[in-house]
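Visitor: I am new to this structure and would like a close look at a single part. Please take me through the loop beside the ligand and what surrounds it.

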Amino acid sequence: MDANRKTAYYALMDVETKSSYSNLALNHQIILGKPSSPSFVRGLVYGVLENKILLDHIIEHFITSDIDKLKTSDLVILRMGIYQLGYMNSVPEYAAVNESVVLAKKFCKGREGFINGVLRSYIRNRHAVPMPDRSEDQIKYLSIKYSCLEWIVEMWIDQYGVETTEQILKYSQGNPGLCIRVNTLKTGKEDLMRRLTEKGFEVKESQICDSALLVTKGNRLLEDSLYKSGLFSVQDESSMKTVEMMDPKPGEMVVDVCAAPGGKTLAAAERMSNRGQIIATDIYLRKLTLINKEADRLGVSIVKTWPWDATKVDSELLEKADRVLADVPCSGLGVIRRKPEIKYKKRLNEFDSLPIKQLEILKVASKYVKRGGILQYSTCTINKQENEEVIKEFLKKNKSFSIVEERQFMPHIDRTDGFYVCKMVRSDSLI
Ligand SMILES: C[S@@+](CC[C@H](N)C(=O)[O-])C[C@H]1O[C@@H](n2cnc3c(N)ncnc32)[C@H](O)[C@@H]1O
């Protein structure tokens, strides 16, 4: 059996049946399965996940039974087969069908005839699958075309209008690429570019962040000695941009109240030339160990971690910090191209209560800021209720803070993840 497709199947089953995060499931299965082409596996897994609603719409056209009655294993193999046939030009039709049948024989015995039949019908009639009439049901049309649950499409249409919503959906698809942060404590951007290029990686500078490099070609980056010796970290441009906007200076005291897994904390430490102090807290103790481990790899010694619920005031920190970062838990709707599974989350009470929790965390975080200090709020979402609305509520009752810079980054405008940053300053005088 082809190890590439088997690995993709296992990763997709992990996402469907164990609610695993796609990136973690994929990395885990690639390590276990040792496929000959990890990039093929990635393309197939992300392609299927990104287009799940569209693929199911197609499958429904070619089966007589109810799609909800299919076993997950049947459905995953059908999605993989249709995706290869319809959207992966490099895969010959016979390979897509034969390999799907081989998977079916192993993982859903007795269903190989059914799967073979559906895939062959698709080959014969792929152009006959109707889309919903856009003029009759715009939300349904966009939901199927861009594979995103209807409640999210509806919410964005309410907040941004139809045209922008379609742009957001369009640019939230496709491989975002790999971005790394140069560890300026150990190397410089030019030096790292040269060393990576010598090893066969293709690297270019980011247009968005000073310390970011985009790796456009090359495999097994994290197994390389340059990574192991701490010369760089993997981090999205959006995360790095947040720290660039916060602009922590050497010698300052910084508090990061939702710090794990530590991307922004460690970027801040590098920007501070490892001078000063950063208190990094998170509600989950086990996640804090990741920060400490990474700090060791990067040669960072100014970070102190401890578990803390950011909705509770830590009296040790009152008015102590030059800068406080509240990178709060959010719906993640700005990072759906990295984590497509977010597009399929049902709207639960948890979603609607997020702004309440975010405001609570922000209020507590504000108490740690010195007079004249900086308070920065950030999310990786494009839901206004978790962004502008939270800030509006906060500023209404906290008159000593005012906005220095506020930005909503959008996938279709900035070609980045969707994320929101609001940098505020606490007044010098008593208000
Ligand atoms: C967006 S993530 C932070 C990412 C991090 N700043 C980084 O750059 O790597 C939000 C974090 O908030 C933490 N969290 C959730 N509820 C919390 C609470 N009540 N108190 C403290 N941390 C919380 C989560 O464990 C999660 O690690």
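Guide: What follows goes through that part residue by residue, with two other loops at the end.

The model is predicted. The protein chain has an average pLDDT of 95, and 100% of the residues score at least 70. For the model as a whole, ipTM is 0.99 and pTM is 0.93.

Start with the ligand. There are 17 residues around the ligand, and those that come nearest are Cys258, Gly263, Lys264, Ala310 and Asp327. Sorted by class, this shell holds eight nonpolar, four polar and five charged residues. The UniProt record, an unreviewed entry, gives the feature "binding site" at Cys258, Ala259, Ala260, Pro261, Gly262, Gly263, Lys264, Asp282, Asp309 and Asp327. Gly263 is thus listed in that record, and Gly263 is also among the residues nearest the ligand.

Now the loop. β5 covers 253–256 and α14 covers 263–271, and Gly262 sits in the loop between them. Pro261 belongs to the loop between β5 and α14 as well. The peptide bond that joins Ala260 to Pro261 is cis, with omega at about 5 degrees. Most peptide bonds are trans.

Gly262 has 28 C-beta neighbours inside 10 Å, and therefore counts as buried, the cut-off being 20 or more. Apart from residues up to four places away in sequence, Gly262 touches Ala280, Leu290, Ile291 and Glu294.

Gly263 lies in helix α14. Gly263 counts as buried because 22 C-beta neighbours are found inside 10 Å. With neighbours within four places in sequence left aside, the contacts of Gly263 are Gln235 and Ser239.

Past the helix comes another loop, between α14 and β6 (277–282), and Asn274 is placed there. Asn274 is not a glycine, yet its phi is positive, at about 60 degrees. Asn274 has 18 other C-beta atoms within 10 Å, so it is partly exposed.

Lys34 also has a positive phi, near 45 degrees, and is a residue other than glycine. Lys34 is in the loop between α2 (22–33) and α3 (38–50). Lys34 counts as exposed because it has 10 C-beta neighbours inside 10 Å. Most residues other than glycine have a negative phi.

To go back to the part you asked about: the loop between β5 and α14 contains Pro261, with its cis bond to Ala260, and the buried Gly262.

Notes. Residues are numbered from 1 along each chain as its sequence is written. This is a predicted model: local features need pLDDT of at least 70, side-chain atom pairs count only at pLDDT 80 or more; totals for chains, interfaces and linings use all residues. A residue is near a molecule or strand if its C-beta atom, placed from the backbone, lies within 6 Å of it. Ala, Val, Leu, Ile, Met, Phe, Trp, Tyr, Cys and Pro count as nonpolar, Asp, Glu, Lys and Arg as charged, and the others, Gly among them, as polar. pLDDT is the predictor's confidence in each residue, from 0 to 100. UniProt positions are given in the numbering used here, feature names are shortened, and annotations may be inferred rather than shown by experiment. Helices (H or I, at least four residues) and strands (E, at least two) are DSSP runs, numbered from the N terminus. A residue is buried if 20 or more other C-beta atoms lie within 10 Å of its own, exposed if 12 or fewer, and partly exposed in between; C-beta atoms are placed from the backbone. Two residues are in contact if their C-beta atoms, placed from the backbone, lie within 7 Å.
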